[in-house]
Amino acid sequence: MNKLNQQGLASSTEIAQIYEILSQTYPTFENTDDPWMTNGLSSTPFRSIVSGCLSTLTITKRVVNACVPLYQRVSNFEELLALDDEELRQLIKPVAHYNRKTVNLKVMARQILEVHNGKIPETREELMKLRGVGRKVTDLMLNFVFSKDTIAVDSHVLRVLNRLNIVEAKSAEEASVKINLVTPSFYKKHAHEWLIQHGMQVCTARKPKCSECCVNQLCKQFDS
């Protein structure tokens, strides 16, 4: 089992060992039939950021149920901004906090059109200024759209990181800072993909399949 240092981090060597095992166990998203990919939720930068914003606190199935009809109506920020608020609200009703997200999407679209001339900004600082775009969506955009070496952390990834004693963190934001500091750059491009698949398929919240886990020998929960 990994031992954390005073900063609540495992060593880069230990983390590399875990990533190496995960990389041999799970494919990258482009090589799967993941519903996010098969439904084209990230097929354009516009869809990537809108889908990411709608995904907060919402399972993939509900995100798909919202995004598929939404993208039949709009394909860019101009069309999104012009869409009637009530129609937008009804389209994204499957996701959590759809009322708030309706407002956030409209404000974000206006920001991108008026402040950034219709282009999604490519820096962390500017992305974080967009309405409804938090740390997770920022890291997703930087990684998957702008090919930057960064790791997005959601509830599934946070759970895996804590159980494997890779980091010690109470929030996804805290874990994101820590894991990006300590992860060898070689693994950063696909780390999120491996970790989230492990969290959703094996290291589940209520009934983790510890006996089937490919890294159970490195897990503090299995060890206990």
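**Entry 1. A pair within one helix**

I began with helix α6, where R89 and E86 both lie, three residues apart, about one turn of the helix. I recalled that an α-helix has 3.6 residues a turn, so residues three or four places apart point the same way. I then looked up the side chains and found that R89 forms a salt bridge with E86, with 2.5 Å between the closest N and O atoms. I noted E86 as partly exposed, its relative accessible area being 37%. I record here that the model is a predicted one.

**Entry 2. The chain as a whole**

I next asked how many helices and strands the protein chain has. I counted 13 helices and zero strands. Read from the N terminus on, the elements are accordingly α throughout, from α1 to α13.

I looked up the overall dimensions. The C-alpha trace spans about 55 × 30 × 30 Å along its principal axes. I compared the radius of gyration, 18 Å, with the value near 17 Å that a compact globule of 224 residues would have, and the two agree.

I also looked up burial and contacts. Of the 224 residues, 48% are buried. Among contacts with a separation of 6 or more, 62% are between residues 24 or more positions apart. The chain exposes about 11400 Å², and carbon and sulfur atoms supply 50% of that area.

For charge, I found 28 positive and 24 negative side chains. The centres of these two sets lie 6 Å apart.

**Entry 3. Helix α3 and its neighbours**

I turned to helix α3, residues 45-55, and found it mostly covered, with nine of its eleven residues buried. Among the buried residues I noted F46, I49, V50, G52, C53 and L54. Serines are also on the buried list, including S48, S51 and S55.

Which helices do the buried residues of α3 pack against? I found α2 (35-38), α4 (60-73), α5 (77-82), α7, α8 and α9. Just after α3, L57 takes a positive phi of about 60 degrees.

**Entry 4. V137, seen from helix α9**

I followed the α9 side of this packing through V137, which is placed in helix α9, residues 135-145. Is V137 buried or exposed? I classed V137 as buried because its relative accessibility is 2%, which is under the 20% limit for that class.

Leaving aside residues up to four places away in sequence, V137 touches I49, G52, C53 and T56. I49, G52 and C53 are among the buried residues of α3. I also looked up V50: V137 and V50 are 87 residues apart in sequence, and their C-alpha atoms are 9.3 Å apart in space.

**Entry 5. Salt bridges between helices**

I searched the whole structure for salt bridges and found seven. In one of them, the side chains of R73 and E87 meet at 2.6 Å, N to O. This pair links distant parts of the chain, with R73 in helix α4 and E87 in helix α6 (residues 85-91), 14 residues apart. Both partners are partly exposed, R73 at 40% relative accessibility and E87 at 31%.

In another salt bridge, the side chains of D139 and R124 meet at 2.7 Å, N to O. D139 lies in helix α9 and R124 in helix α8, so the pair ties together parts that are 15 residues apart in sequence. I found D139 buried, with a relative accessible area of 0%, whereas R124 is partly exposed at 28%. Salt bridges that share partners join R124, R135 and D139 into one network.

**Entry 6. Positive phi in two loops**

I closed with backbone angles. Most residues other than glycine have a negative phi. I therefore noted N117, which is not a glycine and has a positive phi of about 55 degrees. N117 is found in the loop between α7 (98-115) and α8 (124-128). Its relative accessible area of 69% makes N117 exposed.

S147 is a further case, with a positive phi near 55 degrees in a residue other than glycine. S147 lies in the loop between α9 and α10 (155-163). I classed S147 as exposed because its relative accessible area is 55%, which is over the 50% limit.

Methods
Residues numbered from 1 in each chain as written. Predicted model: local features only at pLDDT ≥ 70, side-chain atom pairs only at ≥ 80, totals over all residues. Heavy atoms only, no water. Helix = DSSP H or I, 4+ residues; strand = E, 2+ residues; numbered from the N terminus. Rg over C-alpha atoms; globule rule 2.2 N^0.38 Å. Buried < 20%, exposed > 50% of the residue type's maximum accessible area, 1.4 Å probe, protein only. Contact = heavy atoms within 4.5 Å. Areas by Shrake-Rupley, 256 points an atom, 1.4 Å probe, with all protein chains shown as cover. Lys, Arg positive; Asp, Glu negative; His and termini not counted. Charge placed at Lys NZ, Arg CZ, Asp CG, Glu CD. Salt bridge = Lys/Arg side-chain N within 4 Å of Asp/Glu carboxyl O.
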